[in-house]
Amino acid sequence: MLILYLATAILFIISFIADKQKTIKALKIAFKKFSKIVPAFLTMLILISIILFIFPQDLIIRYLGIGNKYVSMLIASLIGSITLMPGFIAFPLAGILRQQGVPYMVLSAFTTTLMLVGIVTFPVEKEFFGVKITIIRNVIYFFIAIIVAVIMGIVFGEIGK
Amino acid sequence: MKKFLKPIIFAIYFIFVGSSFIFNFESGELIGKNFLSFTFSMVKIIPVAFVLIGLFEVWIKRETIEKHLGDNSSWRGFLWAILLSGTTVGGLYVAFPIAAVLHKKGAKLSVIFTYIGASAVCRIPMVVFEASFLGIKFTLVRLLVSIPLIIISSVIMGNILIKTNYKIAKQ
């Protein structure tokens, strides 16, 4: 994170020295783009706050730890699609699940859909790409996540035992 | 009517969360805390990302992007997209505006879709984190399977969209 701040600051200073007018224009563009997307970000944040309330971590741990691995994989991929978590929460959570004996294919379905499929990012994504493309992309990536999970199951010997 | 719907929903939400804190309504407080923690993590990233997007837009020539990521770029365009995605921070919500500005500068659709998909699965800090919790083997399998699938689906999606004369929203 610090590197990013430093790099941005350095680039900004260089830009300012090279061309003051252009740099001011860049800031104006940045601000305009940002203010345009703020309502979508706000919608996204509201959705996340409610969804994480409905699916708290202990509930996720309880649901993924039980039952048939294929059912768990499906549930994991659905929870992963609906929720959004930063990596520093998601992977420790996956680590806990692993210690409880949850198969890798289930963990893969969860973390990959978490990353690739975004129901809560829908309001932001549709601002840029439109409703149709947003739906198509998310559906395709959901299936990619399932394929990854199945191959994960094969590689770790969880499928075909 | 539709114009006022969003502000009304926002207002109801904030009044609900605000009064939950006043009246110690636990569920509402939890929702409010979730909101604050996510807002905080986004506030750390978003302004920087948008300043970089602004600088990118004024300094980088359209020809440069067209040449490396545009219609006539070879497989290297996809490689660039994946490398760039590795350095992306935050999440998809940062990748969308970057993808949009790349497209505006002439990057082709299949390349920007690859960038979006790749920035979901191969951001470097996240990959390191994942490997430390779930093992290198897990991370490698995930990357080796998902990246080719992301590229293939992006190419297919790009080709279909070009045929239907799709235009991404002006930002």
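Colleague: Hi! Where in chain B does B:N24 lie?
Modeller: Hello! B:N24 lies in the loop between α1 (2-22) and α2 of chain B. Keep in mind that this is a predicted model.

Colleague: Is B:N24 buried or exposed, and why?
Modeller: B:N24 is exposed, because 8 other C-beta atoms lie within 10 Å, and a residue counts as exposed at 12 or fewer.

Colleague: And what is phi of B:N24?
Modeller: Phi of B:N24 is near 55°. That is a positive value in a residue other than glycine.

Colleague: Okay, new topic. How many residues does each chain bring to the contact?
Modeller: Chain A gives 59 residues and chain B gives 49 residues.

Colleague: Which elements of chain A give two or more residues to the side that touches chain B?
Modeller: They are α1 (2-18), α2 (20-54), α5 (87-99), α6 (104-116) and α7 (122-155) of chain A. The largest share, 21 residues, comes from α2(A).

Colleague: What about classes on that side of chain A, the one that touches chain B?
Modeller: That side of chain A has 42 nonpolar, 10 polar and 7 charged residues.

Colleague: Back to α2(A). Which residues in α2(A) meet α2(B)?
Modeller: From α2(A), the residues are A:F41, A:L45, A:I46, A:I48, A:S49, A:I50, A:L52 and A:F53. In α2(B) they meet B:S27, B:L30, B:I31, B:N34, B:F35, B:F38, B:T39 and B:M42. By class, this contact of α2(A) with α2(B) has 12 nonpolar, 4 polar and no charged residues.

Colleague: Nice. At roughly what angle do the axes of α2(A) and α2 of chain B cross?
Modeller: The axes of α2(A) and helix α2 (residues 26-43) of chain B cross at roughly 135°, and they come within 8 Å. α2(A) and α2(B) are therefore oblique to each other.

Colleague: Is that crossing of α2(A) and α2(B) left-handed or right-handed?
Modeller: α2(A) passes α2(B) in a right-handed crossing.

Colleague: Let's switch to domains. What does the domain assignment of chain B give?
Modeller: The assignment for chain B gives domain 1 (1-43) and domain 2 (48-163). The C-alpha centres of domain 1 of chain B and domain 2 of chain B lie 33 Å apart.

Colleague: And where does B:I136 lie?
Modeller: B:I136 lies in helix α9 (residues 136-163) of chain B. B:I136 is exposed, with 10 other C-beta atoms within 10 Å.

Colleague: How many Å apart in space are B:I136 and B:S85?
Modeller: Their C-alpha atoms are 20 Å apart in space, while B:I136 and B:S85 are 51 residues apart in sequence.

Colleague: One last residue: what does A:K25 count as, and which helix holds it?
Modeller: A:K25 lies in helix α2 of chain A. With 15 C-beta neighbours inside 10 Å, A:K25 counts as partly exposed. The C-alpha atoms of A:K25 and A:A76 are separated by 45 Å, and these residues are 51 residues apart along the chain.

Terms used:
Residues numbered from 1 in each chain as written. Chains lettered and ligands numbered in written order. Predicted model: local features only at pLDDT ≥ 70, side-chain atom pairs only at ≥ 80, totals over all residues. Contact = placed C-beta atoms within 7 Å. Helix = DSSP H or I, 4+ residues; strand = E, 2+ residues; numbered from the N terminus. Nonpolar A, V, L, I, M, F, W, Y, C, P; charged D, E, K, R; others polar. Axes fitted to C-alpha atoms, helices over the stretch in contact; angles between N-to-C directions. Parallel < 35°, antiparallel > 145°, perpendicular 65-115°, else oblique. Left-handed = near helix turned anticlockwise from the far one by under 90°. Buried ≥ 20, exposed ≤ 12 C-beta atoms within 10 Å, placed from the backbone. Domains from an automatic or database assignment.
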